[in-house]
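Take a moment to look over the sequence and the fold before reading on. The paragraphs below go through them step by step, beginning with a single residue and ending with the backbone of two loops.

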Amino acid sequence: MYKNILIPIVFDGAGGHSESLECASALSEAGTNITLLHVIENLPSYVVAYLPEKATDRLRAELRDEMEKLVKKVPGAKGELINGHAGRAIIEYANNHAVDLIVIKSHRPGFHDYFLGSTAAYVVRRAQCAVHVIR
């Protein structure tokens, strides 16, 4: 089984975190570290200029609250909010924290994914640890 599991979380209103959480629980053993990670994409400066003052601070506070609610559902888990490009940030976090399994949810691939790629596809191609993709 796995000792250090990372679950990238997206707060997009669709929910659906239960499958990832159940999978991580099934693949863990006593003492396993489970980290729920949300990556806040960096906004271009030309967008930030049009946002109301403190808007990003309010967004971060709301995301932190949502993360705390989710973490309470997983005994022993911790939540992390970081900034960056989703795929690269997930890989960097996993490498820097000795993660041995990433449990990531993916949407059904469409035609646009063959050109742009998805975060899950990016993670699968570049992770140095096991990756479990949930569809």
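Is V71 buried or exposed? In this model, which is predicted rather than determined by experiment, V71 has a relative accessible area of 17%, and because the cut-off for a buried residue is under 20%, V71 counts as buried. This residue lies in helix α3, which covers residues 55-71. When its neighbours within four places in sequence are left aside, V71 is in contact with L36, A77, K78 and G79. A separation along the chain can also be set beside a separation in space: V71 and A89 are 18 residues apart in sequence, and their C-alpha atoms are 20 Å apart.

Some of the residues that V71 touches lead us on to the sheet. Five strands form this open sheet, in the order β3-β2-β1-β4-β5, and their pairing is parallel. The strands at the edges are β3, residues 77-83, and β5, residues 130-134, each of which pairs on one side only. From one strand to the next, the twist averages 25°.

It helps to follow the pairing strand by strand. Strand β2, which takes in residues 28-40, pairs with β3 in the parallel sense over seven bridges. Within that pairing, L36 has G79 in β3 as its bridge partner, and both L36 and G79 are among the residues in contact with V71. Strands β1 and β2 also run parallel, and six bridges join them; here N4 has N33 in β2 as its bridge partner. As a general point to keep in mind while looking at strands, side chains in a regular strand alternate between the two faces of the sheet.

What lies across these strands? Helix α4, made of residues 86-96, lies across β1 (2-8), β2, β3 and β4 (101-105), and this helix runs at about 145° to β2.

We can now turn from the backbone to charged side chains. In general, side chains of opposite charge can pair when their charged atoms come close. How many salt bridges does the structure hold? There are four, and three of them are described here, beginning with the one in which the side chains of E29 and K3 meet, at 2.4 Å from N to O. Because E29 lies in strand β2 and K3 in strand β1, this pair ties together parts that are 26 residues apart in sequence. E29 is partly exposed, with a relative accessible area of 32%, and K3 is also counted as partly exposed, at 45%.

Another salt bridge joins E66 and K69, whose closest N and O atoms are 3.4 Å apart. These two residues are three residues apart in helix α3, so they are separated by about one helical turn. E66 is partly exposed, with a relative accessible area of 36%, whereas K69 is exposed, with a value of 51%. A further salt bridge is formed where the side chains of E80 and K78 meet, at 3.7 Å from N to O. E80 is partly exposed at 24% relative accessible area, and K78 is likewise partly exposed, at 40%. K78 has already appeared in this account, as one of the residues in contact with V71.

The surface also carries nonpolar side chains. L43, Y46, V47, V48 and L51 form a nonpolar patch there, and together they have about 440 Å² of accessible area. One member of the patch, V48, has its place in helix α2, residues 45-48, and at 40% relative accessibility V48 counts as partly exposed. V71, by comparison, is a valine that counts as buried.

Finally, the loops hold two backbone angles that deserve a look. In general, most residues other than glycine have a negative phi. K54, which lies in the loop between α2 and α3, has a phi near 70°, a positive value in a residue other than glycine. A98, found in the loop between α4 and β4, has a phi near 50°, which is again positive in a residue other than glycine. At 59% relative accessibility, A98 counts as exposed.

How values were computed. Residues are numbered from 1 along each chain as its sequence is written. This is a predicted model: local features need pLDDT of at least 70, side-chain atom pairs count only at pLDDT 80 or more; totals for chains, interfaces and linings use all residues. Side-chain values use heavy atoms; hydrogens and water are left out. Two strands pair if DSSP finds at least two bridges between them. Helices (H or I, at least four residues) and strands (E, at least two) are DSSP runs, numbered from the N terminus. Axes are lines fitted to C-alpha atoms, for helices over the stretch in contact, and angles run from 0 to 180 degrees between N-to-C directions. Contact means heavy atoms within 4.5 Å. Patches are made of residues with over 30% relative accessible area and no salt bridge: like charges are joined within 9 Å, nonpolar side chains (Val, Leu, Ile, Met, Phe, Trp, Tyr) within 5 Å. Accessible areas come from the Shrake-Rupley method with a 1.4 Å probe; for residues, only the protein chains shown count as cover. Buried means under 20% relative accessible area, exposed over 50%, partly exposed in between (1.4 Å probe, protein chains only).
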